[in-house]
Amino acid sequence: MARRASGRKANEAAMAPGSSGRSTVDIVDTGYLPSVLGYALRRAQLAVFKEFKARFDGIGIRPSQFSILTIIARNPGIKQTQLSEALFIKRANLVRLLDELELRDLIRRDASVHDRRSHSLILTAYGVDFVARMEEIHRQLEDHLAGLLGKEPKTALLKMLYQLIDSAPGVEDVVADYD
């Protein structure tokens, strides 16, 4: 599949040393990448995140924050370590994300009564209301995405994705370096 090169990086990459500055590639040949599962998964993730951003920018929520708030809402008192493991987020990155949510008065960290080094996470009253609004926006997003695929293909896609997830030994040891 060929794609037109665009942007500064594409132009820099396409210029030959000693050339007149003109691009030597007008259309980038992506070769067999479109048939590579990981490539297609990443492109699909970017498309979904673009739609997510368009819908959630109004309330200032990123996908990582959405996941954190969703899990805390369903698991009041969850420990930071449990949350980190459930979402495959490095603890250091999680602390920064929790700081942001705490500053917005969406969550509260309470020291554990059994281990003062450990913190339990709960939604604030404002956080409970916020999550209700967030979930409505997300329901609309899911309806939109399901509409693009159709109900049965969405179900089939999820089944296939979980087949990949479940077949990957050690996937639980992989943690995200990003949010």
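Me: Which residues make the nonpolar surface patch of about 390 Å²?

Reply: This is a predicted model, so let's start on its outside. Helix 6 and helix 7 (151-167) are the elements that give two or more residues to the patch. The patch covers about 390 Å², and its makers are Leu148, Leu149, Leu157 and Met160.

Me: Is leucine 148 buried or exposed?

Reply: Leucine 148 sits in helix 6. The cut-off for calling a residue exposed is over 50% relative accessible area. Leucine 148 comes out at 60% relative accessibility, so the label is exposed.

Me: Let's go inside, then. Which helix gives the most to the largest nonpolar core?

Reply: That core has 27 residues, and the members touching the most others are Phe56, Ile61, Ile68, Leu69, Ile72, Leu83 and Met134. At least two residues each come from helix 2 (37-56), helix 3 (63-74), helix 4 (80-87), helix 5 (91-103), strand 5 (119-123) and helix 6 (125-149). With 6 residues, the one that gives the most is helix 6.

Me: Which residues does isoleucine 68 touch, leaving out those up to four places away in sequence?

Reply: Isoleucine 68 is among the core residues that touch the most other members. Touching here takes heavy atoms within 4.5 Å. With residues up to four places away left out, isoleucine 68 touches Leu83, Leu87, Leu94, Leu97, Leu98 and Leu101.

Me: What about the sheet: which strands are its edge strands?

Reply: The sheet is open and has 3 strands, paired antiparallel in the order 3-5-4. An edge strand here pairs on one side only. That description fits strand 3 (78-79) and strand 4 (107-111).

Me: How many bridges join strand 4 to strand 5?

Reply: These two strands run antiparallel. As an example of residues facing each other, aspartate 110 stands opposite serine 120 in strand 5. The number of bridges joining strand 4 to strand 5 is 5.

Me: Which residue meets aspartate 110 in a salt bridge?

Reply: Aspartate 110 is partly exposed, at 27% relative accessible area. The partner is also described as partly exposed, at 38% relative accessibility. Their side chains meet at 2.9 Å, N to O, and the partner is arginine 108.

Me: How many residues apart in sequence are arginine 74 and glutamate 135?

Reply: Their side chains meet in a salt bridge of 2.8 Å, N to O. Arginine 74 belongs to helix 3 and glutamate 135 to helix 6, so the pair ties together parts of the chain that are well separated in sequence, by 61 residues.

Me: And how do arginine 74 and glutamate 135 stand: which is exposed, and which partly exposed?

Reply: Glutamate 135 has a relative accessible area of 29%, so it counts as partly exposed. At 52%, the exposed one is arginine 74.

Me: Is arginine 109 buried or exposed?

Reply: Arginine 109 forms a salt bridge with glutamate 102, their closest N and O atoms being 2.7 Å apart. Glutamate 102 is partly exposed, with a relative accessible area of 31%. Buried means under 20%. Arginine 109 has 17% relative accessibility, so the verdict is buried.

Me: Last one: how many salt bridges are there by this rule?

Reply: Some of them are linked up, including a network of Arg62, Arg96 and Glu100. The rule asks for a side-chain nitrogen of Lys or Arg within 4 Å of a carboxyl oxygen of Asp or Glu. By that rule, the count of salt bridges is 12.

Notes:
Residues numbered from 1 in each chain as written. Predicted model: local features only at pLDDT ≥ 70, side-chain atom pairs only at ≥ 80, totals over all residues. Heavy atoms only, no water. Core = buried A, V, L, I, M, F, W, Y, C linked by side-chain atoms within 4.5 Å. Buried < 20%, exposed > 50% of the residue type's maximum accessible area, 1.4 Å probe, protein only. Helix = DSSP H or I, 4+ residues; strand = E, 2+ residues; numbered from the N terminus. Pairing = 2+ DSSP bridges. Patch = residues over 30% accessible without salt bridge, like charges linked within 9 Å, V, L, I, M, F, W, Y side chains within 5 Å. Areas by Shrake-Rupley, 256 points an atom, 1.4 Å probe, with all protein chains shown as cover.
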